[in-house]
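Colleague: Could you walk me through how the words we use for a protein model follow from its numbers? I'm new to this, so please take it step by step.

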Amino acid sequence: MAPRYTSEYGLPPFTGAVRQIILACVAVYVVILLLLSFASGVGQTILQFGMLDAEAVQHGWIWQFLTYPFMSDDPWRFVVSLIGIYFLGPAVEARIGSRRFYGLFFGSTIVSGIIGFLLSFAGIARGPAFTVAAATNAIFMVFYLLNPDAPILAFFVLQVPIKWLLYLFMAIEVAYLLLTRFSMFFCVAVAGFGAGYLWYALFLTRPKTAQASEWYYGLRNSYYRWKRRRAARKFEVYMRQHNREVIFDEHGNYVPPEEAERKKNGGSKSGWVN
């Protein structure tokens, strides 16, 4: 039976790794929202500890590379990022499996966070990074690479080729990146597209790479074997010119005189064959 990418209501199925990630994000967001409303100091402290901040990372807060996607105080950014995971994630997870999907989510999160940190450390990016925007963009990129010719229903009305929708969202993210003068939020979000492409190249194209590698090494070994046989033949000719006989087999390996004599006699040590 073919895998199902939609539910009976036309929406993606809410299961697997996608479900776990979204529920975890919603649970953390609700807790932060309640704390900001009724215990503002505690809520701000959690955001400070969880959001990706370059200065804090320099002081050893490296856990922020994993916690920042679960942090948010902006409802709009929070909802938009999760919608992307909900609509595209199930199709990607069905193709690559839950374990790899978790790897895609957290791997792209960490790589994008590191890029944002380096840009901030260099004085280019500024401010904190938060929400799952980077992972969402990485999932978007992998969805496109897995289904480059697939149409997608944009805004529930227009059927648009996935690549044009990808280009549109990339252009919007870059525009916000420039308008906000390289805020780290959008630096990390844009880096998510690159992280998704890198993850796809490393983990979904390895068989092709391995085949190319095997072909290359096989060709190289054939060349070395040819050189070895050629050198053996030249050495045989040289030794005959000096009234000595040496024998090499078809692979260019030296054959000792006693073994060569046995082969001449049919392999018998006695020198004759019944």
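Modeller: Happy to! Let's begin with one cut-off: a residue is called buried when its relative accessible area is under 20%. Please keep in mind that this is a predicted model.

Colleague: Thanks! Then why does T109 count as buried?

Modeller: The relative accessibility of T109 is 1%. Buried means under 20%, so T109 counts as buried. You can find T109 in helix α6.

Colleague: What does T109 touch, leaving out residues up to four places away in sequence?

Modeller: T109 touches F65, Y68, P69 and A135. Also, a polar atom of the T109 side chain lies 2.7 Å from the backbone oxygen of F105.

Colleague: Now to the helices. What makes α6 oblique to α7?

Modeller: Look at the angle. The axes of α6 (residues 98–121) and α7 (residues 133–146) come within 8 Å and cross at roughly 125°. An angle of 65 to 115 degrees would count as roughly perpendicular, and one over 145 as roughly antiparallel. The value of roughly 125° fits neither range, and that makes α6 oblique to α7. The crossing is right-handed.

Colleague: Which residues make the contact between α6 and α7?

Modeller: From α6 come F101, L104, F105, S108, T109 and S112, and from α7 come A134, A135, A138, I139 and V142. By class, this contact has eight nonpolar, three polar and no charged residues.

Colleague: Helix α7 also holds N137. Why does N137 count as buried?

Modeller: The same kind of step works here. The relative accessibility of N137 is 6%, and the cut-off is under 20%, so N137 counts as buried.

Colleague: How do you know that the side chains of N137 and E173 are joined by a polar contact?

Modeller: The contact between the two side chains is 3.4 Å, and the cut-off is within 3.5 Å. Setting aside neighbours within four places in sequence, N137 is in contact with E173, A189, V190, G192 and F193.

Colleague: One last pair: what makes α1 oblique to α2?

Modeller: The axes of α1 (residues 16–38) and α2 (residues 40–50) come within 5 Å and cross at roughly 140°. Roughly antiparallel needs an angle over 145, so α1 is oblique to α2. In this contact, I32, L35, L36 and F38 of α1 meet S40, V42, G43, Q44, I46 and L47 of α2. These divide into seven nonpolar, three polar and no charged residues.

How values were computed
Residues are numbered from 1 along each chain as its sequence is written. This is a predicted model: local features need pLDDT of at least 70, side-chain atom pairs count only at pLDDT 80 or more; totals for chains, interfaces and linings use all residues. Side-chain values use heavy atoms; hydrogens and water are left out. Axes are lines fitted to C-alpha atoms, for helices over the stretch in contact, and angles run from 0 to 180 degrees between N-to-C directions. Helices (H or I, at least four residues) and strands (E, at least two) are DSSP runs, numbered from the N terminus. Angles under 35 degrees count as roughly parallel, over 145 as roughly antiparallel, 65 to 115 as roughly perpendicular and the rest as oblique. A crossing is left-handed if the near helix is turned anticlockwise from the far one by less than a right angle, and right-handed if clockwise. Contact means heavy atoms within 4.5 Å. Ala, Val, Leu, Ile, Met, Phe, Trp, Tyr, Cys and Pro count as nonpolar, Asp, Glu, Lys and Arg as charged, and the others, Gly among them, as polar. Buried means under 20% relative accessible area, exposed over 50%, partly exposed in between (1.4 Å probe, protein chains only). A polar contact is a pair of N or O atoms within 3.5 Å; within protein, one must be able to donate a hydrogen and the other to accept it, and residues adjacent in sequence count only if both atoms are side-chain atoms.
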